[in-house]
Amino acid sequence: MRVLAIESSCDDTAAAVLDGDGVRASVVASQDLVHGRFGGVVPELASRQHVLTIVPVVKRALAQAEIGLDDVEGVAATYGPGLIGSLLVGLQAAKGIAFARNLPFIGVNHLEGHLLAILLDRPVAFPYLGLLVSGGHTSLYVVEGIGVYRLLGRTRDDAAGEAFDKGAKMLGLGYPGGREIDRLAAAGDHAAIRFPRATLKRGGYDLSFSGVKTSLRQHLLEERGAALPDVCASFQEAIVDMLIAPTLRAAGDLGLETIVVSGGVSANRRLRARMEEEGARAGVAVAFPRFAYCTDNAAMIAYAGRARLLRGERHPLTLNAAATLPIGVGPKALAPTGTATEVGGA
Ligand code: KG4
Ligand code: ZN
């Protein structure tokens, strides 16, 4: 089945084509230049920009795949979680195409897309431990199968990417900040400053990133004169440590053999290196999607959507966007037998 997928949950407009042979096209139009001078995503500007770019992006994906709409056999779109105005643009475009062409349609949870993105690159046996680290989410899941995700822990406050972005803003760096900190940290000493690592006593596998952000602010107020690359490397190291500790503990406790790291922050080079190093030491395999599938993209939405469409799941075209959409909760998708299955899994 050849699936056209659209993703517009935040500040990237993306479209992809996926069939049985793999990704035929994946196009992402970034809005970094639009939001950069504000140091963060401005929701109203994001939705307006999506309106301008959605049609060209879909056209480009079709051209890249060397197909026309006649060749599309199913349509998928992210319907949450995300910025409601942003989600609506991609979702409406996808529903419009499905309606006009009378094609099967499925809404996809953005988080499910991130958790499954690795499968675009290589097979990974279920169950695996999924660490999802993005600008809006930081959570640990056991991925038991497609549609079956068990939440183990999540951040109590900021997402890891949010900590990177807010830290970068304090340091006067560009947006998105994670990439900038990653770049500058490469030339810095990650042991130069010891930022505190939060450990939650009764949190199970929960995480917290607001403390490290506050200690960075404190450090800057005190003007201790450390070089910028050292501050970046030390701040990054604290975040990386706080992500690695509960992840490896969970893998050990549950006897999981593979850790899959996904979401925008999984592009971080230090996180990749350290996770691989410590995973190897603990005898756990660590997998990261390729860079292009770490940050927001439509190929991962195509993967999740296609898997569900192939199982016969469909959403009605009345499906609405949802700003908050915990994985495992959502409108019922109809299976071919007429039995209802929960989108996002148990
Ligand atoms: O998954 P994503 O593209 O969008 C969301 O769903 O949030 O993640 C974006 C986040 C931003 O916070 C950005 O700063 C962070 O991913 N990010 C990075 C890196 N590249 C992107 N954080 C650390 N290091 C990077 N290299
Ligand atoms: Zn994302």
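A residue counts as exposed when its relative accessible area is over 50%, and as buried when that figure is under 20%. By that yardstick Asn-102, at 70% relative accessibility, is exposed. This is a predicted model, and Asn-102 is a handy place to start looking around it. The residue sits in the loop between α3 and β5 (105–109), and its phi is near 55°, a positive value in a residue other than glycine. Glu-66 tells a similar story: its phi is also near 55°, and its place is in the loop between α2 (43–64) and β4. With a relative accessible area of 72%, Glu-66 is over the 50% mark and therefore exposed. Most residues other than glycine have a negative phi, and most peptide bonds are trans.

On the peptide-bond side, there are cis bonds to point out. The one from Gly-80 to Pro-81 is cis, with omega near -10°, and Pro-81 falls in the loop between β4 (74–80) and α3 (84–101). The bond from Phe-126 to Pro-127 is cis as well, with omega near -5°; Pro-127 belongs to the loop between α4 and β6 (128–133).

Stepping back to the whole protein, the chain forms eleven helices and twelve strands. Its radius of gyration is 20 Å, which agrees with the value near 20 Å that a compact globule of 346 residues would have. Along the principal axes, the C-alpha atoms fill a box of roughly 65 × 45 × 30 Å. Buried residues account for 55% of the 346. Of the contacts between residues at least 6 apart in sequence, 71% join residues at least 24 apart. About 14,400 Å² of surface is exposed, with carbon and sulfur atoms supplying 54% of that area. As for charge, the mean positions of the 35 positive and 35 negative charges lie 3 Å apart.

Then there is the metal. The zinc ion (ligand 2) has His-110 (NE2), His-114 (NE2) and Asp-296 (OD) as its protein donors, at 2.0 to 2.2 Å. Along the sequence these donors follow the spacing H-x3-H-x181-D. His-110 is part of helix α4 (residues 110–116), while Asp-296 is in the loop between α10 (291–294) and α11 (299–310), so this pair ties together parts that are 186 residues apart in sequence. Both His-110 and Asp-296 are buried.

Finally, Ala-273 belongs to helix α9 (residues 269–282). Its relative accessible area is 37%, between the 20% and 50% cut-offs, so Ala-273 counts as partly exposed. Its C-alpha atom is 28 Å from that of Gly-22, 251 residues away along the chain.

Notes: Residues numbered from 1 in each chain as written. Chains lettered and ligands numbered in written order. Predicted model: local features only at pLDDT ≥ 70, side-chain atom pairs only at ≥ 80, totals over all residues. Heavy atoms only, no water. Helix = DSSP H or I, 4+ residues; strand = E, 2+ residues; numbered from the N terminus. Rg over C-alpha atoms; globule rule 2.2 N^0.38 Å. Buried < 20%, exposed > 50% of the residue type's maximum accessible area, 1.4 Å probe, protein only. Contact = heavy atoms within 4.5 Å. Areas by Shrake-Rupley, 256 points an atom, 1.4 Å probe, with all protein chains shown as cover. Lys, Arg positive; Asp, Glu negative; His and termini not counted. Charge placed at Lys NZ, Arg CZ, Asp CG, Glu CD. Donors = N, O, S within 2.8 Å, 3.2 Å for Na, K, Ca; no water.
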